[in-house]
Amino acid sequence: MPAKPVAACLDAALPVGGTRGVAAHVTDACGAAERTANGAALVENAGLTTKMDSMNGADTPTPIIHIKTTVTPEEWSLLCKKEGLKNEGRGVGVRNAPKLIEEESSKRLKKVMKNQEIINDDWFVKGKWLWVTGKDQDEAAVEATLKAIATGSEFEFASAKQMVSAWNSADLYGSNNKDRTLDKYRSVQNLLVSYLGYSRDKTEVSMLYELLDERRLNKLATILSSIYSGKELRSYYLRLGAKAEEVDKLFDCLKKTVCTTA
């Protein structure tokens, strides 16, 4: 397998917005190689040698330092593993995840690291969304949390069930207050919405459309998790009594953004 250019590594590690992670280590390593203890160095540029500074006023230049500009797949995998362990240690990855989800995803992450598994994050790099399923709602949320951590970026955890409860409660203060219940999640850069279909409430459809269509237009990364596949959830919403046109609007939105079912 050919060596991976540093530029490609940086693009892969910083797909949305940019966070200081594995790519920063690569950049720091390259930057460190350009410096010497006394501050003198030469850099080759288009076949020309240019003196960057001098050493104690001496005219004798320091020999050119050849900087490594490629990272092999093995080196890149090791850097990813080290960064992942750092993230695990400080709990970085998903904010406000329930204790159960946090603990179970940490266990899964340890197994992934031990077995040197690679979690595909192409969907994130391409600016798409991810749909994650599981044998139950908790398992789906744990797997989605692991996918979020693997991106190296910070996500906000949200429960569709709690969001629907807040959405419905807003009726007590007037219909205009419904939108305000979603303000917390509208503009967050990376969002994980779990437990889709768990509320067993048809109003979940209109609530999700209000939130997700706005995130789609603003190209904000989103992970969705449920016990249901997209097709199953669509049928489930209709059985709950949701209006067909509202269900169609929601899933037309999802078709434009969701990359795959995981």
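**Helix α10 and its surroundings**

What covers the buried residues of α10 (buried meaning under 20% relative accessible area with a 1.4 Å probe, protein chains only) includes β6 (129-133), β8 (190-196), α9 (204-217) and α11, where helices are DSSP runs of H or I with at least four residues and strands are runs of E with at least two, numbered from the N terminus. I should say at once that this is a predicted model, in which local features need pLDDT of at least 70 and side-chain atom pairs count only at pLDDT 80 or more, while totals for chains, interfaces and linings use all residues. Residues are numbered from 1 along each chain as its sequence is written, and side-chain values use heavy atoms, with hydrogens and water left out.

The buried residues themselves are Gly-230, Leu-233, Tyr-236 and Tyr-237. Seen down the axis of α10, they fall within an arc of 120 degrees (taken from the directions from the helix axis to the C-beta atoms), so they line one face of the helix. On the other side of α10, Lys-231 and Arg-239 are exposed, that is, over 50% relative accessible area.

Turning to the neighbouring helix, the axes of α10 (residues 230-240) and α11 (residues 244-257) come within 10 Å and cross at roughly 160 degrees, and the two helices are therefore roughly antiparallel, the term used for angles over 145 degrees. In α10, Gly-230, Leu-233, Arg-234, Tyr-237 and Leu-238 meet Ala-244, Val-247, Asp-248, Leu-250 and Phe-251 of α11, contact meaning heavy atoms within 4.5 Å.

Finally, just after α10, Gly-241 takes a positive phi of about 105 degrees.

Conventions
Axes fitted to C-alpha atoms, helices over the stretch in contact; angles between N-to-C directions. Parallel < 35°, antiparallel > 145°, perpendicular 65-115°, else oblique.
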